[in-house]
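Here is a short report on a protein with a bound ligand. Look at the ligand site first, then at the sheets.

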Amino acid sequence: MLLPQHNYLQPASLNECLMALQDAGEFGQIVAGGTDVIFNMRLKLFRPKTVVSIRRLTELMQVEELPDGSLRIGAACRLTDLAENPIINDRFPAFSESIRSVASTHIRNMATLGGNICLQTRCWFTNNSQQWRQGKESCFKTDGDICHVIKSSEKKCHAINNSDTPVALIALNAELTIQKSGAKRVLPIADFFNDDGIEFMKLCPDELVTHVTIPPCNDRLIFSKYAARKGIDFSIGSIAARCNGEGEQTDKVSLILGSLSTAPIKLTKAAEIIQTKGLTDGAIEQAADTVRGDLGEVTNLYSRAVYKKQIARVLVKRTLTHLKNM
Ligand SMILES: Cc1cc2nc3c(=O)[nH]c(=O)nc-3n(C[C@H](O)[C@H](O)[C@H](O)COP(=O)(O)OP(=O)(O)OC[C@H]3O[C@@H](n4cnc5c(N)ncnc54)[C@H](O)[C@@H]3O)c2cc1C
């Protein structure tokens, strides 16, 4: 599968990069590690005229502890370097676990944090070559007017958000710094994703995620992923669970599920039950029972939707039990 024709730019500074993105506009495409975007270009999912690499931007490759105790991570940091970073391992082990769970060592050696956060959504139809897709009608995401995944749904595209680190970063209340030429904004990562497989993130074509900032966290926090083969596969379901207190005592809970929908899902009902009743065995069981209702329509990528719903329940129950014993 050949790459579509494109101009390739390798800016040497952040300013130069932002100017290049502004010039390219909607015909531009950022490439970081390239582990996903190059493959998608080969599938002809998109055909950018200009590909802008951020591999030379040393400004985006630093990990810094800020005076308020937050950790600021450059979006172009490689996942391998972050997985081995002693500050991250020591202060944010659940985030570290989410990084190590991405793909394989070879892919993490190329892949970046920004690329993982901005990962294109996937479904069983679009994750195929253009030639294969031509055997069926084009879907909404490929300029057609059908969704092959859930045909009767009002939502247009059910391609899922399948990236691992955002799940942990949402539980950590992390913020993204987003820049374009002449402007900068900061957005909680929890607000970054849209429930839409096509317009899946709040990012304009001329914008770049430059940093991820994680505030201090002394709560109990776990990230866990379920995949067919641990060493390489995308998640069938993933979870980040956070709470304060000790043992069964807690009054602040947050539960985030990944890889089940077009955006990470915040489980509010399950969290409320644990907040009110604590991490008792009965409350954990009751919380797990609410999960199916909070999931909505589930895409059948990598396994049947009914199995994924069951996995979500198991992940919630297992993770809450681990939290209780932490
Ligand atoms: C075999 C295989 C297994 C995989 N398994 C997993 C897995 O288990 N879990 C998982 O999460 N991922 C997995 N991936 C997907 C991918 O490798 C990772 O998500 C990786 O972290 C992407 O990072 P990258 O730097 O290579 O991104 P790229 O491919 O360079 O870019 C990905 C997307 O992000 C955009 N982008 C990149 N950086 C920025 C930025 N700073 N600002 C704005 N937009 C940006 C690009 O334009 C592109 O749309 C897998 C991939 C393969 C090939």
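The report below covers the ligand shell and two open sheets of this predicted model.

## The ligand shell

The ligand has 33 residues around it. Those that come nearest are Ile 30, Gly 34, Thr 35, Thr 112 and Lys 225. By type, the shell divides into 18 nonpolar, 11 polar and 4 charged residues.

Two domains take part. Domain 1 (59-118 + 160-214) and domain 2 (220-324) each give at least three residues to the shell.

## Polar contacts and burial

Which ligand atom does the side chain of Gln 29 approach? An oxygen atom of the ligand lies 2.9 Å from a side-chain N or O atom of Gln 29. Thr 35 also uses its side chain: a polar atom there is 2.6 Å from a ligand oxygen atom. Thr 35 is also one of the residues that come nearest to the ligand. Ile 232 uses its backbone instead, with an N or O atom 3.3 Å from a nitrogen atom of the ligand.

The protein buries 92% of the 980 Å² that the ligand exposes when taken alone. Three elements give two or more residues each to the shell: β2 (28-31), α7 (113-117) and β8 (208-214).

## The five-stranded sheet

β8 is also part of an open sheet of 5 strands. The order is β4-β5-β8-β6-β7, and the pairing is antiparallel. Why do β4 and β7 each have one side without a neighbour in the sheet? β4 (63-65) and β7 (183-188) stand at the edges and have a single partner strand each, so one side of each stays without a neighbour in the sheet. From one strand to the next, the twist averages 20 degrees.

At one edge, β4 pairs with β5 (residues 71-74) over 3 bridges, in the antiparallel sense. Glu 64 stands opposite Arg 72 of β5. At the other edge, β6 (residues 175-180) and β7 are antiparallel and share 6 bridges. Here Ile 178 stands opposite Arg 185 of β7. β6 and β7 form a hairpin with 2 residues between the strands. Gly 182 in this hairpin takes a positive phi near 80 degrees.

In a regular strand, side chains alternate between the two faces of the sheet.

## The four-stranded sheet

A second open sheet has 4 strands, in the order β9-β10-β11-β12. Its pairing is antiparallel. The edge strands are β9 (220-226) and β12 (265-266). Each has a single partner strand, so one side of each is left without a neighbour in the sheet.

How many bridges join β11 and β12? Strand β11 (residues 253-258) pairs with β12 over 2 bridges, in the antiparallel sense. Ile 256 has Lys 266 in β12 as its bridge partner.

Methods:
Residues numbered from 1 in each chain as written. Predicted model: local features only at pLDDT ≥ 70, side-chain atom pairs only at ≥ 80, totals over all residues. Heavy atoms only, no water. Near = heavy atom within 4 Å. Polar contact = N/O pair within 3.5 Å; in protein donor to acceptor, adjacent residues only side chain to side chain. Areas by Shrake-Rupley, 256 points an atom, 1.4 Å probe, with all protein chains shown as cover. Nonpolar A, V, L, I, M, F, W, Y, C, P; charged D, E, K, R; others polar. Domains from an automatic or database assignment. Pairing = 2+ DSSP bridges. Axes fitted to C-alpha atoms, helices over the stretch in contact; angles between N-to-C directions.
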